[in-house]
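This briefing concerns the pockets of one protein model. Please consult the sequence and the structure below while reading.

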Amino acid sequence: MNPQFELYIDGHFEPGAASFDSVNPATGQVWAKMPEARTEQVNRAVEAASRALSDPTWGALTASARGKLLYRLAELVEKAAPQLAEIETNDTGKIIRETQSQIAYVAEFYRYYAGIADKLEGSHIPVDKPDMQVWLEREPVGVVAAIVPWNSQLFLSAVKLGPALAAGCTVVLKASEDAPGPLLEFAKLIHEAGFPPGVVNVITGFGPQCGAVLSSHPKVAKVAFTGGPETARHIVTNTSHNLAKVSLELGGKSPFIVFADADIQSAVNAQVAAIFAASGQSCVAGSRLLVDESIKEQFLALLIERVARIRIGSPNDIETEFGPLCTERQRGTIEAVVQRSLQQGVKVLAGAKSLDQDGFYYAPTILDCTDVELPDCITKELFGPVLSVDTFASEDEAIQKANSTVYGLAAGIFTTNLTRAHRVSKRIQSGIIWINTYRAISPLAPFGGFGLSGHGREGGFSAALEYTTTRTVWLRTSDDPISDPFVMR
Ligand code: NAD
């Protein structure tokens, strides 16, 4: 029998108001039943989070004790990484070597925020008045609605839950309706770690019936959202009701710039990882290669040769390097954009077709766009294994092309010229710049985007402050009586 997952609300596991099938993208077959939360359950989850906020079991806990709970959660995530990875691979099609290593590293994010819990200090303010003590206290912002997409969901949840719990907030975490299995399983670790009931609730459901109810709920104080720009617009509209704080981590169309003086083999290897890891379903995918025209042929020859050797296969096989897309719907979108781009005149250097086998496989694809002015495959985020190739003749042209989309999440710069690296990185409109590397992340380093890639930063110390609000306290220190304000002297 297929596994059946449950919602986690107010410290209890329960079925959804309805349920839906989850399909294994490698086979196209249903592999699990998922619970669907609708209005009543979403409301109950928010009410539970709201009660937990002031319940002494959480509200009166010291910051150090909150940190210890986060440490315990980190240990449990590390131990459960193999099982969580297997569920994520079955549910999303992401290859097992990626899910295993990514989830093991997720534990480091909880450890980092565990250490921050008792370092969110207030401050003393030396005001311009005599006989006054004024200080700033830091308080949790309140109930957080954390809404995530299906890709890298344990990681994208950790960068919200970690700082939220460190700050003393409570959370309703909404997993995507596409492949929610890993987060529903993760709820068991929250329970085992000993967080009081209602502090973390894990639900899933569809956008309008679940995500919209959650993000517009009057008791939600902050919405931490990761997903596409179209959904982000709904989030902003939804929060016009509760006026919640909003952080948005959205899509990207990140340039990968290779100068003629780069270490070419390193740049080729990094480019393969940048666009074909996770089958391109990554917000920071380096999906636009901009290569100096003088090395175009040499670079592409090495790239095409390596891409031809990518091992495509079952995501559950540790030897597999490239798996299916998460949904058939996503594959259809990619097919349509690639077809349109071909009609606009781009040339196929590799792939550009679905694979003739079970599951939602789309071939690693490279499209030469050098003779076409901004085809669809350059301007639209495909969230798939499609690399567009363009060239430049000067540093200025590389920068102008890099900055030519509405996005600004990440950029790669490959050069051995130190002064150029500094110059170019300063002029790229992007929240993350990787120089002679790509995709490096750390709990200590903030990430987030410019433009339609969103606002707010996740990761790092400053992200924890985003889950706090401040209270300014004034204390008069004089024992002299306060004079009657209406008696003239
Ligand atoms: P999506 O925007 O379709 O869905 C994200 C979440 O929003 C899901 O949980 C969904 O149920 C929910 N949602 C949908 N409609 C809603 C509504 N009306 N109100 C509230 N919630 C609603 O995203 P997706 O297609 O699952 O994921 C892919 C997108 O996410 C890509 O654009 C990708 O670049 C982006 N992404 C960004 C980052 C980042 O850190 N910047 C990381 C990963 C993915």
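The following points describe two pockets and their linings.

The model is predicted: local features need pLDDT of at least 70, side-chain atom pairs count only at pLDDT 80 or more, and totals for chains, interfaces and linings use all residues. Residues are numbered from 1 along each chain as its sequence is written, and side-chain values use heavy atoms, without hydrogens and water.

**Largest pocket**
- The largest pocket (an open set of 1 Å grid points where a 1.4 Å probe fits, with protein on both sides within 12 Å along at least five of seven lines) has a volume, the space filled by probe spheres set on the points, of about 1,300 Å³.
- Its lining (residues with an atom within 4 Å of a point) comprises 49 residues, of which Pro 149, Gly 227, Gly 228, Pro 229 and Thr 231 are the closest to the centre.
- Helix H8 (DSSP runs: helices H or I, at least four residues; strands E, at least two) supplies the largest share of this lining, seven residues.
- By class (Asp, Glu, Lys and Arg charged; Ala, Val, Leu, Ile, Met, Phe, Trp, Tyr, Cys and Pro nonpolar; the others, Gly among them, polar), the lining has 21 nonpolar, 18 polar and 10 charged residues.

**Second largest pocket**
- The second largest pocket has a volume of about 750 Å³.
- Of its 31 lining residues, Glu 98, Ala 273, Ala 277, Ala 278 and Arg 439 are the closest to the centre.
- Helix H4 gives the most to this lining, with seven residues.
- The lining divides into 18 nonpolar, seven polar and six charged residues.

**Domains**
- Domain 1 (7–250 + 453–473) and domain 2 (255–435), with bounds from an automatic or database domain assignment, each give at least three residues to the lining of the largest pocket.
- Domain 1 and domain 2 also each give at least three residues to the lining of the second largest pocket.
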